[in-house]
Amino acid sequence: MASDPRVSKPRLPKAYTDEQLIFLRSHISGFETRTRGHVRGDAKKFALDRANEFLVRFGMPEDLQGIDEAEPRFREQIYNWYKNTVGRARRKLEGRTRSKKPVEKVSGSPGHSNLTWSPNLETPTTVSYAAQSDISGQTASSSSQQQQHVPPPQPTGHIQFSFQTNVTVPSAATLALNASPNALRDAFFTRGIDVPTLSSLIQSYVLSHPSPTPLNPIIDALFAAVTSSLNAPTASRTASNHDTIVTILRRFTEACGYFPATLVHAGVSGPVAGPRALQMAIRKSSIWYPVLAPASGTTMSDEMERIAADRQKRKDYIQWAQIHGAALELGLLSFRGDYASTAESLSELMARDAVWETDEVEWVAGIFVLQSLIRTGSLTRKHEYEQLLSTYEGRWKEIKDEARQALVTEVLLSAQQDLAHMDEGRVQ
């Protein structure tokens with residue numbers, strides 16, 4: 001019976017930190033969406049990818065360290081957790097419940113209390129599949145029941161793998177193997193990963209993906225981190241959109257400070273390679289062009305896909321403008337004397353030209369950059385900024401999309417306050 005997979009299957013960790021639970025729960029919707037898709041195995045692949053990210057961010061749980069095939073077992077645990085959580089939620093919505101007999105057997109068996117999650121978890125029955133498997137093992141024979149509750153040879157206390165001030169990364173080789181765009185994305189806004197570790201993760205990825213511009217995937221991961229942070233539930237966020245972006249950019253800048261001279265991006269080496277890569281990405285993203293419809297021969301499905309792609313592209317364009325403004329305020333676009341004038345003219349041109357374009361998405365992007373110009377500008381240019389801001393106010397009345405108009409409303413009011421503070425020499 002010892003070879004029975006239901007018996008040898010490792011138990012779920014007994015406790016998770018709040019940070020780890022937030023990470024797991026934040027991807028439930030993504031897993032649920034894929035379970036409804038048409039690609040076989042897509043949901044499981046998604047869950048296994050999240051398990052890989054968990055390992056990169058938090059490391060292997062202590063109760064699985066040193067055993068055979070620890071990583072595959074842990075990945076399977078995470079997959080089962082997502083599957084059980086989504087399945088239970090669906091049954092609840094549909095008014096279906098499981099048979100109460102297995103529940104009664106579990107409650108009557110003192111050993112099964114070890115299979116539940118921490119009380120902090122809002123879904124305490126997420127391991128029902130594992131519990132049922134153990135119950136089947138119980139009914140098979142009484143000896144297997146005793147065998148099932150024998151503690152493993154590893155330490156079996158109430159496992160707590162909480163964050164440390166310095167997250168240990170075994171080696172650069174391990175980082176290179178585990179580094180992925182998704183892991184890099186999460187590393188940018190995970191407080192448990194300190195700046196030196198983030199820098200090591202970036203450098204390991206760059207070493208394993210050499211190119212003349214090796215930091216391009218890192219900038220993409222940074223953009224994805226901003227997207228994930230801004231899309232987080234409002235109740236779980238304590239900072240404004242602008243402050244969130246500034247925080248992520250600061251972590252990126254601090255991580256770049258650890259870059260060696262051998263790390264080269266577009267001819268720029270060392271710590272300034274990161275800001276150079278960001279500047280190049282901002283320049284490319286400042287040019288707007290819509291998703292064009294094919295001339296003829298399109299189906300309704302093709303048109304719906306085009307509309308969805310265009311909508312997403314508009315969101316990305318505005319978000320890049322927000323990153324542009326935050327980078328300008330942090331001085332990331334003027335990191336070297338020979339690029340300073342170029343960076344300044346790029347921001348000036350975008351803010352001045354966007355308001356005269358025909359697409360309202362450019363007006364929204366332009367006002368974000370203009371606000372940052374006001375915050376970093378001098379008092380001698382106040383009148384100039386007031387005139388340009390007045391032009392944007394006129395465009396605000398023409399914006400048809402309510403969400404974009406709300407964004408512009410907030411930025412206009414804030415920019416007006418910044419102009420008023422210019423006289424006091426303390427633009428916020």
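Buried means under 20% relative accessible area, exposed means over 50%, and partly exposed lies in between. Keep that in mind for the exercises below, which use a predicted model.

**Exercise 1. Place Leu379 in the fold and decide whether Leu379 is buried, exposed or partly exposed.**

Solution. Start with the location: Leu379 sits in the loop between α17 (360-376) and α18 (382-396). Next, take the relative accessibility, which is 45%. This value falls between the two cut-offs, so Leu379 counts as partly exposed.

Now look for partners beyond the local sequence. With neighbours within four places in sequence set aside, Leu379 is in contact with Met422 and Asp423. Finally, check the backbone: Leu379 and Met422 are 43 residues apart along the chain, yet their C-alpha atoms are separated by 6.0 Å.

**Exercise 2. Describe how α12 and α13 pack, and find which residues make the contact.**

Solution. Two packed helices are described by the angle between their axes and the distance between the axes. Here the helices are α12 (residues 216-230) and α13 (residues 241-256), whose axes come within 10 Å and cross at roughly 150°. Angles over 145 degrees count as roughly antiparallel, and α12 and α13 are therefore roughly antiparallel to each other. Their crossing is right-handed.

The residues come next. On the α12 side, the contact is made by Ile218, Ile219, Leu222, Ala225, Val226, Ser229 and Leu230. On the α13 side, Asn241, Thr244, Ile245, Ile248, Leu249 and Phe252 take part. Sorted by class, this contact has 10 nonpolar, three polar and no charged residues.

**Exercise 3. Repeat the analysis for α13 and α14: what is their relative orientation?**

Solution. The axes of α13 and α14 (residues 273-285) come within 8 Å and cross at roughly 140°. This angle lies outside the parallel, antiparallel and perpendicular ranges, so α13 and α14 are oblique to each other.

From α13, the contact uses Leu249, Phe252 and Cys256; from α14, it uses Gly274, Pro275 and Leu278. The class count is five nonpolar, one polar and no charged residues. Compare the lists: Leu249 and Phe252 of α13 appear in the contact with α12 as well as in the contact with α14.

**Exercise 4. Sum up the whole chain: how many helices and strands are there, and what share of residues counts as buried?**

Solution. The protein chain has 19 helices and two strands. Of its 428 residues, 43% count as buried. For the surface, the chain exposes about 22600 Å², with carbon and sulfur atoms supplying 54% of it. Lastly, among contacts with a separation of 6 or more, 72% come from residues 24 or more positions apart.

Methods. Residues numbered from 1 in each chain as written. Predicted model: local features only at pLDDT ≥ 70, side-chain atom pairs only at ≥ 80, totals over all residues. Heavy atoms only, no water. Axes fitted to C-alpha atoms, helices over the stretch in contact; angles between N-to-C directions. Helix = DSSP H or I, 4+ residues; strand = E, 2+ residues; numbered from the N terminus. Parallel < 35°, antiparallel > 145°, perpendicular 65-115°, else oblique. Left-handed = near helix turned anticlockwise from the far one by under 90°. Contact = heavy atoms within 4.5 Å. Nonpolar A, V, L, I, M, F, W, Y, C, P; charged D, E, K, R; others polar. Buried < 20%, exposed > 50% of the residue type's maximum accessible area, 1.4 Å probe, protein only. Areas by Shrake-Rupley, 256 points an atom, 1.4 Å probe, with all protein chains shown as cover.
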